[in-house]
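Please work through the following exercises with the sequence and the structure open beside you. Each task is followed by a solution that goes step by step.

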Amino acid sequence: MEFFRIHKTIPFMRHALVLNIISFVTFALAVFFLLHRGLHLSVEFTGGTVMEVAYQQSADIGKVREAIGKLGYPDVQVQSYGTSRDVQIRLPAQKGMNSDQQSAQVMQALKTVDPSATQRGIEVVGPQVGEELTTNGLKALGMVVVGIMIYLAIRFEWKFALATVLANLHDVVIILGFFAFFQWEFSLAVLAAVLAVLGYSVNESVVIFDRVRENFRRYRKMNTVEIIDNAITSTISRTIITHGSTQLVVLSMFFFGGPTLHYFALALTIGICFGIYSSCFVAAAIAMWLGIKREDLIKGGPTKRDGGSEDDPNAGAVV
Amino acid sequence: MNRYPVWKYAIIVIVLLVGLIYSLPNFFGEAPAVQVSAAKSTVKVDAATQSRVEEALKAAGLAPDLLTLEAGSLRARFATPDEQLKARDTLQRTLVPDPADPPYVVALNLVSRSPAWLTSLHAFPMYLGLDLRGGVDFLLQVDMKGAIDKKAESFASDLRTTFRDKGIRGTSVSRNGQTIEVLFRDAAALEAAKRLIQDQFQDLATTDSQDGSNWRLVATIKPEAARRLQDAALKQNITTLHNRINELGVAEPVIQQSGLDRIVVQLPGVQDTAKAKDILGRTATLEMRLVDESAEGRAAELSGGPVPFGSEKFLERNGRPVIVKKQVLVTGENLTDAQPGFDQQSNQPKVDLTMDAKGGRIMRDVSRENYKKRMAMLIFEKGKGEVLTAPSINGELGNRFQISGSMTVTEANDLALLLRAGSLAAPMEIIQERTIGPSLGADNIEKGFKSVMYGFLAIMVFMCAYYALFGLFSSIALAVNLMLLVAILSMLQATLTLPGIAAMALAIGVAIDSNVLINERVREELRNGASPQAAIHAGYDRAWGTILDSNVTTLIAGIALLAFGSGPVRGFAVVHCIGIVTSMFSAVFFSRGLVNFWYGQKKKLKTVSIGTVWRPKTDGTAVAEGK
């Protein structure tokens, strides 16, 4: 089997401007939805109570909602959780009532409607934990961005580092935009997925830039655009296959992992798809606009190449 | 060119062997067991307990598969849950005759079914997190400001007493938040007070100022002292929690410090949140009362006569009755510290007690009037009192005094701990709680396991179809990666949670990246007309740099998660990071070993089984790799 039979270098950069405009529009939309609708944060961030209740038969969400509605909570969410018999109920933190009283009251209300209701799990989070999680999440994001930039700046050059980080932040914002648009629940697991994707999809840009560097050494006559096109073309099959195989596992989590891993897998899926797109079209294009040159990557000129290759693990064997 | 020296193969074999041994215990599953541990610090679980347990089980006609004594707890493993329950009831009857005062905790537990030879190699299965086994999880916030406030208050009253004792007159001491303000009428008094604080209160730092005719001295708790104080408060709260949770009969409770001012409490298997909370939040109280030394009191104490009016009967830890007066002299509120130590003159173990100013004053008055009489220290929990000790008063007591005589070092330690456990050092509040039912836990295990398995199978099928023999090598390398990951997690005795399993699945997806990179490179070399051996060599060599780069960037993200994540995110990050490191070994070093072993010997290799290598008919630039 060989999926990719590419005869000629694909001129990825020819439409760079158009694609970048599309990227920018998507990005702007994502930011708009983030600001306009906001993320549907999980109880870990907002504080409150989440109860998981199991029924013997399929639960009637409407009745459950009605039963809890009578208790007079302002902002209750009821949704089915995994199977039709399991229901997840989210209650906001209530002043003057502790979580035990709250959950006991709810369970009592549910049992009067259907005695088969049993509480499977409960999670209560105080508000101060949530604030901390948000700041820690932002700190982690900052550390990833700075860490990756420093590493790439050392391994390649600052223009590549900047291009890669911009491209991947664009992915992150778009994932968040999706979560804001569809009002999917943004939990700690999703945060972990977002950061993992950030680290993972940087790989793509690294692979392409590795090839760009190699091409700069090899093809002295090509201009920058041709070099980038060639690098993307020769790595595209690898890019799609690796992402495809990672996606296989992610899909497996999506289908078999149950409700807890549902949004985790979803975030990874979006991250992987946009990861492919952004490393082909965004990262390289930004690097191009930033004006990468042969001299940026190959320091000391062609005559000293052999001497320089010793501390350069990318030089590889010369065939 | 594609041959490994023998030592490289040796490394591979050794790593595989170690990986296999340490990942093995996870596959045996768990068996029902009964665990016996001490409920009190004065009770020890030892060989004598073991023989008692053995006899009791034999008498009940139960034969445990395995009986182990380890780190102060005894575990008996059984074949069925039925036997387990019977054994628990039997042991409960034998070891705990009085349920109101249990010397031992007899709890149901699960222990690994792995054979003894694995256990003797210290190969244990991973510990399952609460989301996989069910239980309650609490996060408690310790109010450190409260602890410091309390300490500042006690410093303030100590200062008041000391100034009065030393004859420094005309002072007024007041606490203002966490600082203590002292006003003086003249400079001489201020100087004297400053010297005194320097000598006797080394935890306080002072600054003085003068406004009008008043001299002002502001004392603050030194930062390092405050830190020490917070640390001690947290430790003491953890100790207190330990004592309380022992009562719940939980097999393996986790009570850990989390951050500077938080405590995580995990109670596997516990479903009754309300009871758990009640026990966590309970305050034990310490009371000091005089022993009734009247004739009737004596008679009641020695021969069990009627307890005189105005007195009560309590039992000492060893079961001896003590008749004490109902009037409470001092409570635990006034006890600021209790530390074990050694008497410098008699060289005997002792416990030093420190009272605050009010407690000290009462002690002084009481001891003057009751010289040579006994004073009982009682601890009340759940409304039930117990006499910790009842020493006789051998002199005038004050702020600081000691209890000594006929104690061993352990007894002194225990007594100090119990005295301190009388109250929490700082107030605590539950800020997060999570209950996971056992069925939800089992569900999570199954779902997590399924996602890993199907993900792995899907990748394996794809790799073998797309890359033929090289795909098979990659799949074997992937399996090795998974095995090593499990082995390392087991060696570290890491707690496996559902996010951890998700990270494992993701690790598979990320690890295959390296193999795809290598295989694609080899194909590319072949496409450009390299000989098979050269293509394999160049493929691995050239892919290595890229693999390193991409793994380092992924690792940076993993470390950031580890550094800033908490709870479930940390569990994810640990597995993620280890998975990246093991993948470097399995995907590059190990898979190269397989390839070398297979192809390395063949000198005149014509073809490599790596799937179709398609060559473009025209000499397109896409493949214009020059030599």
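**Exercise 1.** Decide whether B:Leu204 is buried or exposed, and describe its surroundings.

*Solution.* B:Leu204 has 20 other C-beta atoms within 10 Å, so it is buried (buried means 20 or more other C-beta atoms within 10 Å of the residue's own, exposed 12 or fewer, and partly exposed in between, with C-beta atoms placed from the backbone). This is a predicted model, in which local features need pLDDT of at least 70 and side-chain atom pairs count only at pLDDT 80 or more, while totals for chains, interfaces and linings use all residues. Residues are numbered from 1 along each chain as its sequence is written, and chains are lettered from A and ligands numbered from 1 in the order in which they are written.

Next, place the residue: B:Leu204 lies in strand S9 of chain B, residues 204-211 (helices, H or I with at least four residues, and strands, E with at least two, are DSSP runs numbered from the N terminus). Leaving out residues up to four places away in sequence, B:Leu204 touches B:Phe155, B:Ile197, B:Ala219, B:Thr220, B:Ile221 and B:Lys222 (contact means C-beta atoms, placed from the backbone, within 7 Å). Finally, B:Ala225 is 21 residues apart from B:Leu204 along the chain, and their C-alpha atoms are separated by 8.1 Å.

**Exercise 2.** Describe the overall form of chain B.

*Solution.* Begin with the elements, which are 16 helices and 23 strands. The radius of gyration of chain B is 34 Å, well over the 25 Å that the globule rule gives for 627 residues, so the chain is more spread out than a compact globule (the radius is taken over C-alpha atoms, and the rule is 2.2 Å times the number of residues to the power 0.38). Along its principal axes, the C-alpha trace of chain B spans about 110 × 80 × 45 Å. Of the 627 residues in chain B, 43% are buried.

**Exercise 3.** Work out how helices H7 and H8 of chain A pack.

*Solution.* Two packed helices are described by the angle between their axes and the distance between the axes. For H7(A) (residues 188-218) and H8(A) (residues 224-256), the angle is about 135 degrees and the axes are 9 Å apart (axes are lines fitted to C-alpha atoms, for helices over the stretch in contact, and angles run from 0 to 180 degrees between N-to-C directions). That makes H7(A) oblique to H8(A) (under 35 degrees counts as roughly parallel, over 145 as roughly antiparallel, 65 to 115 as roughly perpendicular, and the rest as oblique). The residues of this contact between H7(A) and H8(A) comprise eight nonpolar, five polar and three charged (Ala, Val, Leu, Ile, Met, Phe, Trp, Tyr, Cys and Pro count as nonpolar, Asp, Glu, Lys and Arg as charged, and the others, Gly among them, as polar).

**Exercise 4.** Find which parts of chain A meet chain B.

*Solution.* In total, 67 residues of chain A are in contact with 74 residues of chain B. Strand S5 (118-125), helix H5 (127-155), H7, H8 and helix H9 (258-289) of chain A each supply at least two residues of the side that touches chain B. That side of chain A has 33 nonpolar, 22 polar and 12 charged residues.

Now take one helix pair: the axes of H9(A) and H13(B) (residues 438-491) come within 9 Å and cross at roughly 40 degrees, which makes H9(A) oblique to H13(B). A:Gly258, A:Thr260 and A:Leu261 of H9(A) make this contact with B:Asp443, B:Asn444, B:Lys447 and B:Ser451 of H13(B).

Notes: Two residues are in contact if their C-beta atoms, placed from the backbone, lie within 7 Å.
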